[in-house]
Amino acid sequence: SLLVVGGFYLQSPRYKQPGAQYLQNMFGDNRTNESHIFNITAGKWITPNVTGRRPPPCYDFTLLSLSRNRVIMHGGINPGTGYSDVIYISTITGYELNWEIIREPLGEYPVGRYGHAATVISGCANEIMITIGGWGSRRTLNECWMMNISDNKHKKINL
């Protein structure tokens, strides 16, 4: 399956997903936090039942697969806080998507960012997310971070 979350939209959708938000800023940017699943085998789009703490309408974040039924979402631009440093994890069960926020970063923690790159390294004792670059704090970010997903510990990697 393919999970699609949030982003821009050009015109008001004909169907609005229950619980989703649709915002327009003063520049005319339309943002949403809709979630959709594409079932590759069936060739069909599914609108999941979304529970938990849904991310705000945002774009330019990373969304990575952790396992067959979990994803991690990091960063992006959202209307309330600008550059996001929030990390969300979602569990997908059938047609349900349950979001949770990882609230308390331990130790060092990267600044909010968007337009960055990230990947997940699996197969070791813990899953690790590597994040590099992006834009935040009104400047280009030339830095790399490693996050142990199981305990939310971050470590800056010197480049």
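# Exercises on a predicted β-strand model

Glu127 and Arg70 make a salt bridge, and their closest N and O atoms sit 3.1 Å apart. That pair opens the first exercise; keep in mind throughout that this is a predicted model.

**Exercise 1. Work out which parts of the chain the Glu127–Arg70 salt bridge ties together, and how covered each partner is.**

Step 1: place the two residues. Glu127 lies in the loop between β12 (117–121) and β13 (128–132), while Arg70 belongs to strand β7, so the pair ties together parts that are 57 residues apart in sequence.

Step 2: check the cover. Buried means under 20% relative accessible area. Glu127 has 19%, so Glu127 counts as buried. Arg70 comes out at 26% and is therefore partly exposed.

**Exercise 2. The whole structure has three salt bridges; find the network that joins Arg113, Glu143 and Lys156.**

Step 1: take Arg113 and Glu143. Their side chains meet in a salt bridge with an N to O distance of 2.4 Å. Arg113 is in the loop between β11 and β12 and Glu143 in the loop between β15 (139–140) and β16, so this pair ties together parts 30 residues apart in sequence. Both Arg113 and Glu143 are buried.

Step 2: move on from Glu143. Its side chain also meets that of Lys156 in a salt bridge, at 3.5 Å from N to O. Lys156 sits in strand β17, so here the parts tied together are 13 residues apart in sequence. Glu143 is buried at 9% relative accessible area, whereas Lys156 is partly exposed at 36%.

Step 3: put the pieces together. Salt bridges with shared partners link Arg113, Glu143 and Lys156 into one network.

**Exercise 3. Map the strands that pair with β3, and give the sense in which each pair runs.**

Step 1: start with β1 (residues 2–8). Six bridges join β1 to β3, and the two run antiparallel. For a register check, Val5 stands opposite Ser35 in β3.

Step 2: go to β2 (residues 22–24). This strand pairs with β3 over three bridges, in the antiparallel sense. The hairpin of β2 and β3 has five residues between the strands, and Gly28 takes a positive phi near 85 degrees there.

Step 3: finish with β4. Three bridges join β3 to β4, which again run antiparallel. Asn39 has Lys44 in β4 as its bridge partner. Four residues separate the strands in this hairpin, where Gly43 has a positive phi near 70 degrees.

Step 4: look at the cover. β3 is mostly covered, with eight of its ten residues buried.

**Exercise 4. Describe the surroundings of Asn30.**

Step 1: locate the residue. Asn30 is in strand β3 (residues 30–39), and its 12% relative accessible area is why Asn30 counts as buried.

Step 2: list the polar partners. A polar atom of the Asn30 side chain lies 3.1 Å from the backbone oxygen of Tyr9. The side chains of Asn30 and Gln24 are joined by a polar contact of 3.4 Å, and Gln24 has Asn30 as its bridge partner in β3 as well.

Step 3: widen the view. Leaving out neighbours within four places in sequence, the contacts of Asn30 include Gly7, Phe8, Leu10 and Leu23.

**Exercise 5. Asp60 and Asn152 each have a positive phi without being glycine; are they buried or exposed to some degree?**

Step 1: recall the background. Most residues other than glycine have a negative phi.

Step 2: take Asp60. Its phi is about 65 degrees, and Asp60 is found in the loop between β5 (49–52) and β6 (62–67). With 37% relative accessible area, Asp60 is partly exposed.

Step 3: take Asn152. Here phi is about 60 degrees, and the residue lies in the loop between β16 (144–148) and β17 (153–157). At 5% relative accessibility, Asn152 is buried.

**Exercise 6. Contrast the cover of Trp45 and Trp99.**

Step 1: Trp45 lies in strand β4 (residues 44–46). Its relative accessibility is 52%, so Trp45 counts as exposed. Together with Leu2, Val4 and Ile40, Trp45 makes a nonpolar surface patch of about 400 Å².

Step 2: Trp99 is in strand β11 (residues 96–102). Trp99 has a relative accessible area of 2%, so it is buried.

Notes: Residues are numbered from 1 along each chain as its sequence is written. This is a predicted model: local features need pLDDT of at least 70, side-chain atom pairs count only at pLDDT 80 or more; totals for chains, interfaces and linings use all residues. Side-chain values use heavy atoms; hydrogens and water are left out. Patches are made of residues with over 30% relative accessible area and no salt bridge: like charges are joined within 9 Å, nonpolar side chains (Val, Leu, Ile, Met, Phe, Trp, Tyr) within 5 Å. Accessible areas come from the Shrake-Rupley method with a 1.4 Å probe; for residues, only the protein chains shown count as cover. A salt bridge is a side-chain nitrogen of Lys or Arg within 4 Å of a carboxyl oxygen of Asp or Glu. Buried means under 20% relative accessible area, exposed over 50%, partly exposed in between (1.4 Å probe, protein chains only). A polar contact is a pair of N or O atoms within 3.5 Å; within protein, one must be able to donate a hydrogen and the other to accept it, and residues adjacent in sequence count only if both atoms are side-chain atoms. Contact means heavy atoms within 4.5 Å. Two strands pair if DSSP finds at least two bridges between them.
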